[in-house]
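Please work through the following exercises with the sequence and the structure at hand. Each task is followed by a worked solution in steps.

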Amino acid sequence: MTAPTKGSGLKWVGRAIRRLEDPALVTGQGRFTADLPAVHWVRFVRSSIAAGKLGKIEAPKGTVVITAADLKGVKKITPMLHKFNYKPVGQPILAETQVRFVGEPIAAVVAATEEDAEDIADLVEVSIDETAPLIDARDALAPGAPPVHADVPGNVILKGEFKTADFDTVWKSAAKVVRMDARSHRQNATPMEARAGHAAYDISTGRVTLTCTTQMPHLMRTAIADVLGMPESDLRVVAPDVGGGFGQKMSLCAEYVVLVWLARKLKSSVAWTEDRRENLIASFHSRDQYLALEGAFDGNAKLLALRADVLANIGAYSCFPTTAGMEPLMAMAEMPGPYDVQQYECLARGVLTNTCTMAAYRGVSRPTITFTLERLMDKAATAFALDPVDIRRRNLIDKFPYTSAIGLVYDEATYKETLEMAVKAINLPAFRARQQAARAKGRHLGIGFATFSERTGYGSPAFAARGMEITPGWETVILTVDPSGFVEARIGASPHGQGLRTTLAQIIADEIGVTPDVIKVVHGDTDRAPYGWGTFASRSLVISGGASLIAAQKVRAKLIKIASHMLEAAPGDILLENGAAKVAGTDRSVTIAKMAREAYTQTHRFKGEIEPGLTETGSYDPPGTFSNACHVAIVEVDIDTGRTTVEKFLVAEDAGKIINPMIADGQVQGGIAQGIGNALLEEIIYDESGGILTANLADYMPPTAHEIPPIELHHLETMSTESITKAKGLGEGGCIGAPAAIVNAINDALSPFGVEIDEIPATPQRIRAALRATGKCA
Amino acid sequence: MKPAAFIRHVPRTLDEAVKILAQVADEDGRVLAGGQSLVPIMAFRLARPAHLVDINEVDGLDRIASDGMMLRIGARVRHAAFHKAVVDNPLGKLLAHVVRHIAHYPIRVRGTFCGSLAHADPASEWCLVAATLDATMVAQSIRGERPIAARDFFDGIMSTALAGDELLAEVRLPLLAGDAKFGFNEFSRRAGDFAMASSLVTYRVVDGKIAEARVGVGGAEASPRRIAQAEAALNGQPPRDKVFRAAAEAAATAIEPLEDHQTTGEYRRDLVRAVVRRALEHSSV
């Protein structure tokens with residue numbers, strides 16, 4: 001590691017040091033769930049029918065095939081919300097009497113190899129009495145639509161309603177009302193590593209170790225122990241290297257419950273590695289929404305009131321732990337985004353259908369609401385004959401703290417500053433000139449802006465506001481300087497690509513005066529890490545980082561106390577740096593390694609004034625903070641084919657203090673890549689019978705490196721009082737803003753033709769169909 | 001996503017290969033060359049051949065040779081072999097241009113020219129080349145050698161005139177005239193994806209007029225083919241934008257477009273119009 005900061009006053013925080021986790025990963029030494037050997041392999045027999053009554057299941061003679069009938073006493077997965085007219089629905093671990101979506105697990109084949117298991121699975125005969133499926137959320141709402149769950153007639157699993165007191169009065173006073181009807185098609189988070197689980201029974205203790213590719217190891221343990229009715233202490237959950245999650249690996253998978261049940265039943269090891277087809281049809285989906293938004297503006301294009309109708313297709317079941325409320329309720333809470341609007345009305349509904357269950361995907365609803373709101377702002381700009389930048393200038397929040405109509409408190413941020421920064425960096429007048437020149441040659445360039453807030457690092461009060469039975473929020477870090485002088489930080493967060501082993505080490509290093517490379521961050525093992533919620537919702541650096549800072553401050557205080565004893569100096573004279581404590585203004589010093597050794601092995605010297613050992617615990621449960629950004633996309637639309645090429649992408653972002661600029665930039669770039677997929681390419685398509693037409697990566701199309709343009713990043717750093725490290729989260733912003741910016745740019749490019757695209761992905765087929773409909777460009 | 005069980009045969013000679021293929025043809029025995037199409041569809045279990053005749057150890061199948069009239073391409077010549085011109089003729093440049101559009105580099109290192117033709121995906125670039133240039137496919141079996149003209153070879157989506165016991169041992173591409181011009185264009189959603197429409201054109205310019213025009217269209221119909229109406233719109237006309245547009249329109253009108261859940265016939269015609277025009281524009285620069 002580069003020499004630290006001796007005497008320079010520089011700190012580790014803020015430096016783009018290389019990621020400590022990368023040497024193993026880039027040399028093929030990472031260890032993933034599917035690397036583990038197992039005695040038994042599982043293949044799931046999945047429903048090929050979207051809706052129907054499950055009849056006989058016939059397995060070939062001599063094979064081991066587990067069905068719901070075998071899982072007596074195993075509870076259903078039944079997540080709970082205590083608000084918003086939520087109707088709890090239970091998901092059987094294997095389908096019992098009904099099948100509710102194509103891909104639903106019906107039986108588990110157990111065999112000696114994956115190949116054998118798949119061969120047998122092909123021979124299992126399942127009879128299903130097919131009924132008419134509901135695929136589209138609007139069809140599921142129609143009067144007389146069959147219920148997906150008998151106990152939820154009408155299929156509305158939850159309904160959130162909000163309206164400010166003066167809404168109607170203000171609405172009537174408006175000069176103009178602008179409407180935006182958005183359609184966001186269904187997507188799959190598509191982590192590089194699909195799901196995988198491995199459950200191994202330990203004969204001597206009766207414990208099971210479930211290794212699985214999860215973002216929430218502790219909650220998996222709690223949930224699986226609940227469902228199986230087993231002591232939680234008999235289950236250890238390990239998340240080894242995890243190849244991306246993006247929210248898809250937050251939720252409890254029925255498949256993992258089956259693995260643990262089988263390991264206990266067979267007293268052996270049992271593994272399942274999902275293939276890409278299964279991942280695309282039967283892992284979790286997201287973003288399947290209809291959003292209708294109306295904005296009432298005064299004569300100066302100032303937004304007075306906003307009315308939203310959010311209809312989220314939540315699939316066949318409610319995901320655990322966040323529930324089906326996640327998308328619609330996130331949309332309801334955050335629809336007004338970065339704009340000052342004090343009158344707000346919203347109806348947000350989650351609707352059951354015969355499709356794969358909806359769960360989290362990076363951004364959770366904010367890519368869709370930002371898309372809807374930013375399209376609305378551009379439409380309003382047109383209606384008022386304003387530039388898209390001007391209308392945003394007139395409406396962005398600029399006084400803090402700001403309390404939104406629904407009661408969210410926005411901390412200090414830079415909505416206007418990032419907009420101006422982006423406008424300047426992109427050189428808007430120069431672009432407009434280039435656009436004009438290109439149009440004269442039949443080429444259609446467009447520019448699109450998206451300004452947005454990104455709520456990050458929120459603790460338990462924010463989740464409690466949703467009425468969640470399981471209320472995540474806080475994080476704990478246990479920080480130990482061991483007798484060798486090395487530092488171990490055991491964390492409840494569960495990073496899977498975010499670089500937390502590096503960034504937390506940077507925070508801790510500064511506090512206790514060591515280099516990051518002597519700090520090992522331990523995570524993803526319920527036997528070793530303290531209970532915690534895992535990594536999701538742009539929270540880990542803020543919350544686990546805050547807990548790390550608190551624990552490190554305590555360790556620092558104790559080190560100073562020890563040093564003061566050992567060096568016989570006043571605590572106020574002790575400096576901690578470069579791995580040692582020294583007495584200011586003298587050459588007396590003692591290394592941290594020596595202090596640590598004495599903290600364990602020479603405690604008698606401290607005369608009972610210092611507790612033995614050198615371990616401290618920090619917990620942090622913050623209220624939450626808002627990052628913000630302005631995204632700008634420049635695109636070219638090929639009028640003949642409808643293809644959109646993203647020529648350039650620019651971001652001006654404010655995520656508070658940046659702990660590691662390289663990692664921060666990587667997060668934003670990766671998010672934008674996914675946002676480009678959402679905007680232009682990725683779509684899960686069901687046919688009318690509920691079969692999936694996009695079950696491989698040729699038909700479901702994440703962008704490749706070729707589709708990612710140069711991305712220019714600018715940062716502002718607003719020091720929030722709502723985060724003790726001053727860092728705000730930035731894990732999701734890239735994909736929150738990108739679809740809006742890109743589709744606004746497409747619409748700018750298409751403006752000479754008078755067509756508008758309000759649907760994502762904005763595929764060439766859709767763009768070309770809209771153009772063809774004008775009759776102007778055959 | 002594991003293939004169903006199969007038996008892999010590894011012949012050392014072409015005779016041995018066709019002998020085995022004759023024995024296993026009735027059990028859906030298939031030839032394995034680069035495996036870039038066959039293996040994925042086996043992984044999806046869309047194909048379940050009980051036998052694979054692996055020709056990777058057969059001597060002499062990786063030869064590319066020109067006799068001044070024809071370019072002969074052996075059964076195991078990989079796509080990547082065409083990254084540089086394989087013959088001092090416009091055909092060499094044409095193949096070197098087209099090959100860059102086939103999937104991605106690692107696939108081109110493994111997949112084979114003849115394998116693409118035998119697989120007959122409508123979107124295949126090599127199938128378009130074979131159809132446009134009127135290639136001859138040489139089928140080998142224990143019954144002997146059978147040359148098949150391109151127009152007789154393609155028989156719909158992933159279907160060819162090859163019998164179950166026949167191995168596509170060689171493809172013969174006619175060399176182009178020394179002054180021939182060519183142009184290629186394709187449309188796919190992402191770089192390296194299957195083309196949703198593609199076009200290859202070749203022609204000569206004699207006294208300022210287009211002659212011997214060939215306009216091939218791929219990806220848009222069940223099989224790639226030459227579009228006579230588009231060729232007629234070109235022959236005898238000067239190579240100008242207006243003429244190119246007329247030929248593109250003729251091609252868009254002439255096709256029987258493939259349709260799927262995302263792609264209407266109208267859209268496919270839009271793409272054909274665009275790719276033919278762009279192939280022609282490419283040819284004239």
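The exercises below concern a predicted model and proceed from a whole chain to single residues.

**Exercise 1. The overall form of chain A**

Task: Determine how many helices and strands chain A has, and decide whether its radius of gyration is close to the value from the globule rule or far from it.

Solution.
Step 1. Count the elements: chain A contains 19 helices and 31 strands.
Step 2. Compare the radius of gyration with the rule. The value for chain A is 27 Å, and the globule rule gives 28 Å for 778 residues; the two are close, so chain A is as compact as a globular protein of that length.
Step 3. Add the extent along the principal axes: the C-alpha trace of chain A spans about 90 × 75 × 50 Å.
Step 4. Consider burial and contacts. Of the 778 residues in chain A, 57% count as buried. Among contacts in chain A with a separation of 6 or more, 80% come from residues 24 or more positions apart.

**Exercise 2. A helix and its surroundings**

Task: For helix H14 of chain A, compare the span with the expected one and state whether its residues are buried or exposed.

Solution.
Step 1. Helix H14(A) covers residues 500–512, which makes 13 residues.
Step 2. From first C-alpha to last, H14(A) reaches 18 Å, close to the 18 Å expected at 1.5 Å a residue.
Step 3. A residue is buried if 20 or more other C-beta atoms lie within 10 Å of its own. This holds for 13 of the 13 residues of H14(A), so the helix is largely enclosed by the rest of the structure.
Step 4. Look just past the end of H14(A): A:Gly513 has a positive phi of about 75°.

**Exercise 3. A three-stranded sheet in chain A**

Task: Describe the sheet formed by S24, S25 and S26 of chain A, and identify which helix packs on it.

Solution.
Step 1. The sheet is open, has the order S24-S25-S26, and its pairing is antiparallel.
Step 2. Its edge strands are S24 (574–577) and S26 (589–591) of chain A, each of which pairs on one side only.
Step 3. From one strand to the next, the twist averages 20°.
Step 4. S24(A) is joined to S25(A), residues 580–583, by four bridges. Within this pair, A:Leu575 has A:Lys582 as its bridge partner.
Step 5. Helix H16 (residues 592–601) of chain A packs on the sheet and touches S25 and S26 of chain A; its direction makes about 70° with that of S26(A).

**Exercise 4. A parallel sheet in chain B**

Task: State the strand order of the sheet of S1, S2 and S3 in chain B, and explain why one side of each edge strand has no neighbour.

Solution.
Step 1. This open sheet has the order S1-S3-S2, with parallel pairing.
Step 2. S1 (7–9) and S2 (30–32) of chain B stand at the edges with a single partner strand each, so one side of each is left without a neighbour in the sheet.
Step 3. Neighbouring strands are turned by 30° against each other on average, direction ignored.
Step 4. Three bridges connect S1(B) with S3(B), residues 51–54; in this pair B:His9 is the bridge partner of B:Val53.
Step 5. Helix H1 (residues 14–24) of chain B packs on the sheet, touching S1, S2 and S3 of chain B, and its direction makes about 170° with that of S3(B).

**Exercise 5. A strand with two partners**

Task: Identify which strands pair with S6 of chain B.

Solution.
Step 1. S6(B), residues 136–141, and S7(B), residues 144–149, pair in the antiparallel sense over six bridges. A hairpin of two residues joins them, and B:Ala139 stands opposite B:Arg146.
Step 2. S6(B) also runs antiparallel to S8(B), residues 167–174, with five bridges; here B:Val138 is the bridge partner of B:Glu170.
Step 3. Five of the six residues of S6(B) are buried, so the strand is largely enclosed by the rest of the structure.

**Exercise 6. The contact between the chains**

Task: Find how many residues each chain gives to the contact.

Solution.
Step 1. Chain B contributes 20 residues and chain A 23 residues.
Step 2. On the side of chain B, the largest share, five residues, comes from helix H10 (residues 265–283) of chain B.
Step 3. By class, that side has ten nonpolar, four polar and six charged residues.

Notes. Residues are numbered from 1 along each chain as its sequence is written. Chains are lettered from A and ligands numbered from 1 in the order in which they are written. This is a predicted model: local features need pLDDT of at least 70, side-chain atom pairs count only at pLDDT 80 or more; totals for chains, interfaces and linings use all residues. The expected span of a helix is 1.5 Å times one less than its number of residues. A residue is buried if 20 or more other C-beta atoms lie within 10 Å of its own, exposed if 12 or fewer, and partly exposed in between; C-beta atoms are placed from the backbone. Two strands pair if DSSP finds at least two bridges between them. Axes are lines fitted to C-alpha atoms, for helices over the stretch in contact, and angles run from 0 to 180 degrees between N-to-C directions. Two residues are in contact if their C-beta atoms, placed from the backbone, lie within 7 Å. Ala, Val, Leu, Ile, Met, Phe, Trp, Tyr, Cys and Pro count as nonpolar, Asp, Glu, Lys and Arg as charged, and the others, Gly among them, as polar. The radius of gyration is taken over C-alpha atoms; the globule rule is 2.2 Å times the number of residues to the power 0.38.
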